[in-house]
Amino acid sequence: MMENVHLAPETDEDDLYSGFNDYNPAYDTEELENDTGFQQAVRTSHGRRPPVTAKIPSTAVSRPIATGYGSKTSLTSSMGRPMTGTIQDGVARPMTAVRAAGFSKAALRGSAFDPLGQSRGPAPPLEAKNEDSPEEKIRQLEKKVNELVEESCIANSCGDLKLVLFNLASQYSANEMYAEALNTYQVIVKNKMFSNAGRLKVNMGNIYLKQRNYSKAIKFYRMALDQIPSVHKEMRIKIMQNIGITFIKTGQYSDAINSFEHIMSMAPNLKAGFNLILSCFAIGDREKMKKAFQKLIAVPLEIDEDDKYISPSDDPHTNLLIEAIKNDHLRQMERERKAMAEKYIMTAAKLIAPVIEASFAVGYNWCVEVVKASQYVELANDLEINKAITYLRQKDFNQAVDTLKMFEKKDSRVKSAAATNLSFLYYLENEFAQASSYADLAVNSDRYNPSALTNKGNTVFANGDYEKAAEFYKEALRNDSSCTEALYNIGLTYKKLNRLDEALDSFLKLHAILRNSAQVLCQIANVYELMEDPNQAIEWLMQLISVVPTDSQALSKLGELYDSEGDKPQAFQYYYESYRYFPSNIEVIEWLGAYYIDTQFCEKAIQYFERASLIQPTQVKWQLMVASCFRRSGNYQKALDTYKEIHRKFPENVECLRFLVRLCTDIGLKEVQEYATKLKRLEKMKEMREQRIKSGRDSGGGSRSKREGSSGSDSGHNNSASSKSERLSAKLRALPGTDEPYESSGNKEIDASYVDPLGPQIERPKTAAKKRIDEDDFADEELGDDLLPE
């Protein structure tokens, strides 16, 4: 039997189970010692090179292997990929994206098993969203747009196409696409089944009003008025008010009066009453203005009385409730409504009082009587004060004072306001005793009135007590830190006390409040100049001319500062700009003429000295300068004619005769003998006069010396003038004398302050900006406190 059995040879067919024991030698951990690639990776950095596809940090770096037994041998595969459970720098990192539940490095150290992390405490609160960030605003807008789109889609699916069109028209109108909005509204209105066409026509009328198509606006308002039922009274009143306002814009005041009178008879309100007064004022109807004012006064405010917020007892529960409602939103709304009513009434009274009667005083008295008989009785005092202010505007100071004196026996608030204005008035009239008296009355009536304290400080300042004045200004600032008058005045006071740092600090604070105030900028520049910091002074003056670019005094001051710094071109630029805006400033004219002489352009200097001679025709020095410029430029004939004209106007001027004698001698004219005789006679008369004066002094002796004290003021004045002239002459370089040839004068260097040596000396310019900055004598805009608000 076994003969027929043959065993299959091993090489004939493949084994069915072959290959199952074959595997990648890279995973053969038993043969790692014989793996050349692995050994090479261990000995070199071959295995630590990152793969070429890894771009995320911390993923392409090989990490040392951490076994379960805590070994930290760094092992990597031959491909450079870290093995599972590797640790780098002591931090465990699993291979998978999900961490093993309950496994952590702390567990290896004996910590408690906490798979849910309950031992870590509650989670930190979520970070609040910043609603003001641009991203959040965009997100909110996107949300609203999506909601509108969804509503439109829902309305469209339900067949409510009118809602879709209405939203579309509203958006067109909001984006000022008025033509598209009108077309869309028209599509809705044409549908006869739509029951709210009247309200849409109000929207269409509003669009026409924005487009200033007033006739169509009135047409659609009236169509809306016809279609809205009479039961909707509030809506009809609003439409009537729109019609009245449109009539005012078109100048149809009679029609506007009819609309507003209808409103005031049906549902009176403050805006309609005020518009009615304006319309009556426009047509000049006195009786209608009076009736309209009475209707405005009678409009009910519908607010609670102030007594409601006063606690009637000592019940803590009631007091707590009153404190809670005293400043709530409803109370604030009541205050705003009352303030608006008072504003309308005061404005209307000021508008109609001068025209409803023969005189403005009688008209004001009528308004005051009407107000006293109404619920706004406290406004009567304000109207009286406003009456006094109107007298001030009309330059009737006596009536203003008489009106304000009526309040001396009123309550403290009104008395303080009236006394403040009286103090201001007397201060402007330089009656400082009366001003101080009423300032004391104002302060005693209301110790916290900053205007009264400021006026009191002004009166003390006028008496020279600067320290005490500063105390009043400081108290005014403590009561009202925004009192700009007190802050400005305290800066002036510190300047008087030579406390320049404190003065600068005050003006800088004021500059932070009044950014474009020319006075404040001017004072800051002046303080820096007093502190001998010309660069800062120039910088602030540059800011000043940016605010008032045509201020000739500021421009001339800039020229003076640049001149003192030696920058003649810049000084010339600003002096020239100052002359261009104000060509009558004699000091600027003098500097410009001297500048052109200094730069050897005598012909251009002539026009400036000629203008100076027009401004001061009795001053011979300007005409002598004109003749000198002609002579220096070589135009001797014109110089001779000018000297002759000067001699005709001023026949006793010795300098003019000397030049005439010299010119006539050089030219060879026959008049030389005549001028020479006149010159000798004048010189002889001058010599005799000097001898008489000298002999009188010698004979007077001691008695004369005793009287010198009484004439000290005059001599002091003359000495100061002469010393100033001497200082100026020291800076000048003289022109050639009468015995030198004319040509030699062209080679001599001349200072910018050149004058003719034979004529009177010319003082260097002291610019008007300096005067302006140094004038601290309480002008009304500087130290006088403002009147009360109208």
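# Helix packing and loops in a predicted model

Y466, A470, Y473, K474, A476 and L477 of α20 are in contact with A486, L487, N489, I490, T493, Y494 and K496 of α21. The model is predicted. Its protein chain holds 34 helices and 2 strands. Of the 790 residues in the chain, 37% are buried. Among contacts in the chain with a separation of 6 or more, 49% join residues 24 or more positions apart.

**The α20 and α21 pair**

- Helix α20 covers residues 466–479, and its axis comes within 9 Å of the axis of α21, with a crossing angle of roughly 155°.
- Because the angle is over 145 degrees, α20 counts as roughly antiparallel to α21.
- The crossing of these two helices, α20 and α21, is left-handed.
- On the α20 side the contact includes Y466 and Y473, and on the α21 side it includes I490 and Y494.

**L497, after α21**

- L497 sits in the loop that links α21 (484–496) to α22 (500–513).
- L497 counts as partly exposed because its relative accessibility is 24%, and the partly exposed class lies between 20% and 50%.
- Apart from neighbours within four places in sequence, L497 has contacts with Y466 and E467.
- One of these residues, E467, is 30 residues from L497 along the chain, and their C-alpha atoms are 8.0 Å apart.
- Y466 also belongs to the set of α20 residues that meet α21.

**The α6 and α7 pair**

- Two packed helices are described by the angle between their axes and the distance between the axes.
- For α6 (residues 197–210) and α7 (residues 214–227), the angle is about 165° and the axes are 8 Å apart.
- That angle makes α6 roughly antiparallel to α7.
- The crossing of α6 past α7 is left-handed.
- From α6, the contact is made by A197, G198, K201, V202, M204, G205, N206, Y208 and L209.
- From α7, the residues in this contact are Y214, K216, A217, F220, Y221, M223, A224 and Q227.

**S195, before α6**

- S195 lies in the loop between α5 (178–189) and α6.
- S195 counts as exposed because its relative accessibility is 66%, and the cut-off for that class is over 50%.
- The C-alpha atoms of S195 and Q227 are separated by 9.4 Å, while the two residues are 32 positions apart along the chain.
- Q227 is also one of the α7 residues that take part in the contact with α6.

**Helix α25**

- Helix α25 runs over residues 552–564, which is 13 residues.
- From first C-alpha to last, α25 reaches 18 Å, close to the 18 Å expected at 1.5 Å a residue.
- α25 is mostly covered, with 10 of its 13 residues buried.
- The buried set in α25 consists of S552, A554, L555, S556, K557, L558, G559, L561, Y562 and D563.
- The N-terminal end of α25 is capped by D551, which has a side-chain oxygen 3.0 Å from the backbone nitrogen of Q553.
- G566 follows α25 and has a positive phi, near 85°.

**Helix α26**

- Helix α26 is made of residues 568–581, 14 in number.
- The reach of α26 from first C-alpha to last is 20 Å, close to the 20 Å expected at 1.5 Å a residue.
- Buried residues in α26 are A571, F572, Y574, Y575, S578 and Y579.
- The cover over these buried residues of α26 includes α24, α25, α27 (586–598) and α28 (602–615).
- At the N-terminal end of α26, D567 acts as the cap, with a side-chain oxygen 3.4 Å from the backbone nitrogen of Q570.

**Positive phi in loops**

- Most residues other than glycine have a negative phi.
- N430, a residue other than glycine, has a positive phi near 60°.
- N430 is in the loop between α17 (412–428) and α18 (432–445).
- With 55% relative accessibility, N430 counts as exposed.
- E532, also a residue other than glycine, has a positive phi near 60°.
- The loop that holds E532 lies between α23 (518–530) and α24 (534–547).
- With 71% relative accessibility, E532 counts as exposed.

Methods: Residues are numbered from 1 along each chain as its sequence is written. This is a predicted model: local features need pLDDT of at least 70, side-chain atom pairs count only at pLDDT 80 or more; totals for chains, interfaces and linings use all residues. Side-chain values use heavy atoms; hydrogens and water are left out. Helices (H or I, at least four residues) and strands (E, at least two) are DSSP runs, numbered from the N terminus. The expected span of a helix is 1.5 Å times one less than its number of residues. Buried means under 20% relative accessible area, exposed over 50%, partly exposed in between (1.4 Å probe, protein chains only). A polar contact is a pair of N or O atoms within 3.5 Å; within protein, one must be able to donate a hydrogen and the other to accept it, and residues adjacent in sequence count only if both atoms are side-chain atoms. Axes are lines fitted to C-alpha atoms, for helices over the stretch in contact, and angles run from 0 to 180 degrees between N-to-C directions. Angles under 35 degrees count as roughly parallel, over 145 as roughly antiparallel, 65 to 115 as roughly perpendicular and the rest as oblique. A crossing is left-handed if the near helix is turned anticlockwise from the far one by less than a right angle, and right-handed if clockwise. Contact means heavy atoms within 4.5 Å.
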